[in-house]
Structures are given as C-alpha cells and as structure tokens.
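Look at the model below. This report covers its pockets first, then its helix pairs.

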Amino acid sequence: MAVIDLGPAFVGSPQEIAAIAEQVRPGNGASVLEYVQDLEQAYAIPILQVREFEGLSGEELREHLGSWHPPQGYLRLHNPGNLDMLRICEKIAGGEPIRQMTVHHP
C-alpha cells in the first residue's frame with residue numbers, strides 16, 4: 001500500500017504544463033504536450049512524498065470487508081460506501097512505512 005502526498009494543483013496552458021514536465025524529467029515535455037494539447041487548460045499536481053506500507057492481500061481484504069473486488073482504476077475512500085476500506089487504510093498508514101521518499105522540486 002502506498003500513500004502519496006500531493007501539493008496544490010498548478011493550472012496552466014498545455015504549453016506551461018508541458019514545460020513543467022520537461023523541467024522535472026527532461027524528454028517528458030513532448031509526450032505531456034501531446035496528451036493535453038487539445039485542452040484550454042491543463043493541470044500539474046506535484047508529488048511531495050511517497051510512503052510505502054505493508055499492505056493486505058485480496059484475500060485478507062475479503063476477510064475484513066466481506067465481498068470485495070479490486071477497483072479497476074482508483075477508489076475514493078471518503079465515499080460513504082468505502083468507509084470500512086478507509087478505516088483499514090488509515091490503520092495501515094498509521095504504522096511505520098517500509099520505505100519513503102520526499103520529492104524535491106526545482
């Protein structure tokens with residue numbers, strides 16, 4: 001299980017967002033521009049910190065949650081139907097991380 005801390009989103013033109021991508025990882029700006037080029041505005045959300053925790057297997061989650069199916073994309077934990085999952089995640093994230101990384105932006 002990973003917990004990713006995000007900073008405030010930067011809103012800008014596709015060119016501005018592509019320039020940020022290029023600055024963070026040289027060679028990445030062109031692919032980002034291709035992805036957002038048809039938009040009036042695009043978003044860049046900086047990753048501030050990543051922490052990895054010992055997670056639970058699908059079987060262990062089923063034991064805690066009953067019928068559980070892995071999400072196909074992402075899961076909004078603060079939705080009323082996901083509060084049990086939120087509690088499990090909060091308990092896991094309350095422990096010591098296996099590893100962690102702080103991201104320093106230019």
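The largest pocket has a volume of about 430 Å³. A pocket is an open set of points on a 1 Å grid over the protein atoms alone, where a 1.4 Å probe fits, with protein on both sides within 12 Å along at least five of seven lines. The volume is the space filled by probe spheres set on the points, which are joined across faces, edges and corners. The model is predicted: local features need pLDDT of at least 70, side-chain atom pairs count only at pLDDT 80 or more, and totals for chains, interfaces and linings use all residues. Residues are numbered from 1 along each chain as its sequence is written, and side-chain values use heavy atoms, with hydrogens and water left out.

In the largest pocket, 18 residues form the lining, and Met1, Ala2, Leu77, Met85 and Cys89 are the closest to its centre. Lining residues have an atom within 4 Å of a point. Strand S1 (2–6) and helix H4 (83–93) each supply at least two of them. The largest share, 7 residues, comes from H4. Helices (H or I, at least four residues) and strands (E, at least two) are DSSP runs, numbered from the N terminus.

The second largest pocket has 13 lining residues; Ile20, Val24, Ile45, Pro46 and His105 are the closest to its centre. Here H1 gives the most, with 4 residues.

| Pocket | Volume | Lining by class |
|---|---|---|
| Largest | about 430 Å³ | 15 nonpolar, 2 polar, 1 charged residues |
| Second largest | about 340 Å³ | 9 nonpolar, 3 polar, 1 charged residues |

Ala, Val, Leu, Ile, Met, Phe, Trp, Tyr, Cys and Pro count as nonpolar, Asp, Glu, Lys and Arg as charged, and the others, Gly among them, as polar.

Now the helix pairs. How do the axes of H1 and H2 cross, and at roughly what angle? The axes of H1 (residues 14–24) and H2 (residues 29–36) come within 8 Å and cross at roughly 150 degrees. Axes are lines fitted to C-alpha atoms over the stretch in contact, and angles run from 0 to 180 degrees between N-to-C directions. H1 and H2 are therefore roughly antiparallel, a word for angles over 145 degrees. The contact (heavy atoms within 4.5 Å) includes Ile17, Ala18 and Ala21 of H1 and Val32, Leu33 and Val36 of H2. By class, it has 8 nonpolar, 2 polar and 1 charged residues.

The axes of H3 (residues 58–65) and H4 come within 11 Å and cross at roughly 120 degrees. That makes H3 oblique to H4; oblique covers angles outside the ranges under 35, 65 to 115 and over 145 degrees. Leu61, His64 and Leu65 of H3 meet Asp84, Met85 and Ile88 of H4.
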